[in-house]
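Ready for some practice in reading a protein structure? Take a look at the sequence and the model, then work through the exercises below.

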Amino acid sequence: MRAVATPVLAVVATAAVAVYLVLLGGRAVELLRVGEPVAVGLGIAVLVLPLLGVWLLVATWRSGLAVQRLARRLDAEGGLPDTSGLPRRPSGRVDRAAADAWFDRYRAEVEAEPGDWRRWYRLAYAYDVAGDRKRARATMRRAVDLEADDPPR
């Protein structure tokens, strides 16, 4: 069920943000139509927000689709990391000590072969399991970049 619910939730959230951005853009246009210098200045400032929002939505979707593409490819090769054997806390998160040990394994893989996107993907996954989302995103971007140079066989 989770595999189906996640894309549906992403589409619903995107639609909600898109509606908000359209409404915000409408307010910006209304301010621009007033014609007074202060209102026009505010209208221009408010118009920047929907433009920035659209850019963020597109960038987020592109990133998400790229990561899904890598996950499908790695799954087809049988190379996805398996966390099922790691001990978990009552909250369901992986135990920190176990996550750190698991992470060390994947960091060593990348150090041994830094040009392989598969190893970077697994390292990004390990960062995520260890709770380091910032490094997980940066590492996943590296995996996506490397995979672009490695066409499917």
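## Salt bridges

In this predicted model, the count comes to 13 salt bridges when a side-chain nitrogen of Lys or Arg must lie within 4 Å of a carboxyl oxygen of Asp or Glu.

**Exercise 1.** Check the pair Arg96 and Asp100 against the salt-bridge cut-off, and place the pair in its helix.

*Solution.*
- Step 1: Find the N to O distance, which is 3.4 Å for the side chains of Arg96 and Asp100.
- Step 2: Compare it with the rule. The cut-off is within 4 Å, so the two side chains meet in a salt bridge.
- Step 3: Find the helix. Arg96 and Asp100 are four residues apart in helix H3 (residues 96–112), so about one helical turn separates them.
- Step 4: Look at the surroundings. Asp100 has a relative accessible area of 30%, and is therefore partly exposed.

**Exercise 2.** Is Asp116 buried or exposed, and what about Arg118? Then find the network that these residues belong to.

*Solution.*
- Step 1: Start with the pair itself. Asp116 and Arg118 form a salt bridge, with their closest N and O atoms 3.2 Å apart.
- Step 2: Check accessibility. Asp116 and Arg118 are both buried, and the cut-off for that word is under 20% relative accessible area.
- Step 3: Follow the shared partners. Salt bridges link Arg69, Arg73, Glu77, Glu113, Asp116, Arg118, Arg119 and Glu147 into one network.
- Step 4: Pick out another pair in it. Glu113 and Arg119 meet in a salt bridge at 3.2 Å, N to O, and Glu113 is partly exposed, with 38% relative accessible area.

## Nonpolar residues

**Exercise 3.** Which residues have the most contacts inside the largest nonpolar core, and which element gives the most to this core?

*Solution.*
- Step 1: Recall a general tendency. In soluble globular proteins, nonpolar side chains tend to be buried together.
- Step 2: Look at the core here. The largest one has 26 residues, and Tyr121 and Leu123 have the most contacts inside it.
- Step 3: Name the elements. Two or more residues come from each of helix H2 (37–76), H3, helix H4 (117–129) and helix H5 (133–148).
- Step 4: Choose among them. H4 gives the most, with eight residues.
- Step 5: Zoom in on Tyr121. Leaving aside residues up to four places away in sequence, Tyr121 touches several residues, among them Val67, Leu70, Met140 and Ala143.

**Exercise 4.** Where is Leu65, and which residues join it in a nonpolar surface patch?

*Solution.*
- Step 1: Leu65 sits in helix H2.
- Step 2: Its relative accessibility is 45%, so Leu65 counts as partly exposed.
- Step 3: Val11 and Trp61 complete the patch with Leu65, and together the three have about 270 Å² of accessible area.

Definitions and conventions:
Residues numbered from 1 in each chain as written. Predicted model: local features only at pLDDT ≥ 70, side-chain atom pairs only at ≥ 80, totals over all residues. Heavy atoms only, no water. Buried < 20%, exposed > 50% of the residue type's maximum accessible area, 1.4 Å probe, protein only. Core = buried A, V, L, I, M, F, W, Y, C linked by side-chain atoms within 4.5 Å. Contact = heavy atoms within 4.5 Å. Patch = residues over 30% accessible without salt bridge, like charges linked within 9 Å, V, L, I, M, F, W, Y side chains within 5 Å. Areas by Shrake-Rupley, 256 points an atom, 1.4 Å probe, with all protein chains shown as cover.
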